Amino acid sequence: MNAHQIAYLVFGIVLLLALMLDLGLLSKRNKIVTIKAALLQTFFWVLLALAFFVFMWIEEGQKPALEYISAYLMEWSLSIDNIFVFILIFNAFAVKEKNYSRVLLAGILMAIIFRILFITVGVAAVQRFEWLLFVFGAFLVYTGFKMFTSNQDEEFDPHKTKIYRFLRKFLPLANHDGGGRYIIREKGRPVYTTLFVVVILLASIDLVFALDSIPAVMGISREKFVIYSSNIFAVLGLRSLFFLLRGAVSKFDYLQQGIAIVLIFIGLKMLGEHWVNEWMSKELQIIISLGVILVCISGSIFYSIFMKKKGEPKDVVDNSTQ
């Protein structure tokens with residue numbers, strides 16, 4: 001067994017044990033997740049991802065390890081954008097807080113399956129048709145510019161999505177959660193509850209986000225293992241991150257611009273890869289990509305906090321004068 005096969009084996013074992021721990025100890029049915037529990041779970045998933053980075057460095061070498069951590073940070077930052085949409089979906093279908101954890105888990109597990117399929121097809125397509133990288137690069141630049149200039153105040157309505165309209169057209173849907181069940185029986189036939197709809201929406205919305213994130217990761221690494229591991233670790237930590245940030249995610253007003261700059265940077269790097277490779281080593285490219293991701297994401301978060309704090313005194317004065 002070579003080093004690459006060992007890495008796959010360790011990743012599979014770690015993933016299985018982590019899911020067993022999450023399902024058996026960290027998650028309990030109909031239990032509301034507190035901020036403290038969410039913080040502990042978030043630390044668990046982040047430390048696990050960082051420990052795997054150390055393992056990658058020892059087992060695979062510096063270059064794959066740096067590619068992995070860059071891709072993981074890219075996916076992790078994009079996950080924060082996911083959370084805002086998830087909150088809107090939960091609110092739109094009046095999901096009870098005690099069902100949050102179970103519904104998120106089901107949606108995320110489905111998202112992992114979809115992402116594995118998406119990555120497998122995407123990597124195989126790029127290996128066969130390398131010109132697709134230019135398509136992905138152009139798509140990322142377009143998406144980045146669109147994200148940077150879009151109006152964040154536009155409200156996302158889950159009831160108007162194509163997925164929800166498709167479900168309503170072909171499935172009998174109930175307008176309640178069926179007491180916490182996904183499928184109930186009414187008049188002898190199966191009826192799908194709002195929890196079922198929410199799970200499908202969570203998985204499908206994550207897949208839509210993957211249309212941006214996976215090409216972005218492929219701009220960092222072509223290694224299938226790096227793409228798999230960084231994506232899955234980021235998605236697995238999404239549930240605890242949801243509970244940790246759901247009250248604060250809307251305060252990150254400029255995070256979208258930070259992510260947009262990263263997408264544009266990676267897209268331009270993919271478009272100009274032939275020329276970049278002529279005067280810059282792959283290792284240096286990875287380090288620069290990692291630096292850009294860290295600066296843009298952390299900078300946009302801190303800038304959001306600073307600007308929000310800067311505006312608070314003015315708001316207080318205005319209220320006191322009324």
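1. Leu17 is exposed in this predicted model. Its relative accessible area is 52%, just past the cut-off, since exposed means over 50%. The residue lies in helix α1, residues 3-26. Leu17 also belongs to a nonpolar surface patch of about 500 Å². Its partners there are Leu9, Ile13, Leu16 and Met20.

2. Phe52 presents the opposite case. This residue of helix α2 (residues 35-59) has a relative accessibility of 3% and therefore counts as buried, the limit being under 20%. Leaving out residues up to four places away in sequence, Phe52 touches Ala7, Val10, Phe11, Tyr68, Phe225, Ser229 and Phe233. One of these, Phe233, is 181 residues away in sequence. The C-alpha to C-alpha distance between Phe52 and Phe233 is 9.5 Å.

3. Now the core. The largest nonpolar core has 92 residues. Tyr68, Met74, Phe90 and Phe242 have the most contacts inside it. Helix α3, residues 62-92, gives the most to this core, with 15 residues.

4. Aromatic pairs deserve a separate look. The count is 19. Tyr68 and Phe233 make an edge-to-face pair, with centres 6.4 Å apart and 80 degrees between the planes. Tyr68 sits in helix α3 and Phe233 in helix α8 (residues 224-236), so this pair ties together parts 165 residues apart in sequence. Both Tyr68 and Phe233 are buried.

5. A second pair has another geometry. The ring centres of Tyr192 and Phe196 are 4.7 Å apart, and their planes meet at 45 degrees, so the pair is tilted. Tyr192 is buried, as is Phe196.

6. Ring pairs also build a cluster. Its members are Tyr8, Phe11, Phe52, Phe55, Tyr68, Tyr72, Phe225 and Phe233. Phe52 from point 2 thus reappears here, alongside Tyr68 and Phe233 from point 4. Phe52 is also in contact with cluster members including Phe11, Tyr68, Phe225 and Phe233.

7. Helix α9 (residues 238-245) is mostly covered. Seven of its eight residues are buried: Leu238, Arg239, Ser240, Leu241, Phe242, Phe243 and Leu245. The buried set includes Arg239 and Ser240. Phe242 of this helix is among the residues with the most contacts inside the largest core.

8. Which residues does Phe242 contact, beyond its neighbours within four places in sequence? They are Ile83, Phe86, Ile87, Phe90, Tyr100 and Leu104. Phe90 is listed with Phe242 among the residues with the most contacts inside the largest core.

Terms used: Residues numbered from 1 in each chain as written. Predicted model: local features only at pLDDT ≥ 70, side-chain atom pairs only at ≥ 80, totals over all residues. Heavy atoms only, no water. Patch = residues over 30% accessible without salt bridge, like charges linked within 9 Å, V, L, I, M, F, W, Y side chains within 5 Å. Areas by Shrake-Rupley, 256 points an atom, 1.4 Å probe, with all protein chains shown as cover. Salt bridge = Lys/Arg side-chain N within 4 Å of Asp/Glu carboxyl O. Helix = DSSP H or I, 4+ residues; strand = E, 2+ residues; numbered from the N terminus. Buried < 20%, exposed > 50% of the residue type's maximum accessible area, 1.4 Å probe, protein only. Contact = heavy atoms within 4.5 Å. Core = buried A, V, L, I, M, F, W, Y, C linked by side-chain atoms within 4.5 Å. Phe/Tyr/Trp six-rings, centres within 6.5 Å; stacked < 30°, edge-to-face > 60°.
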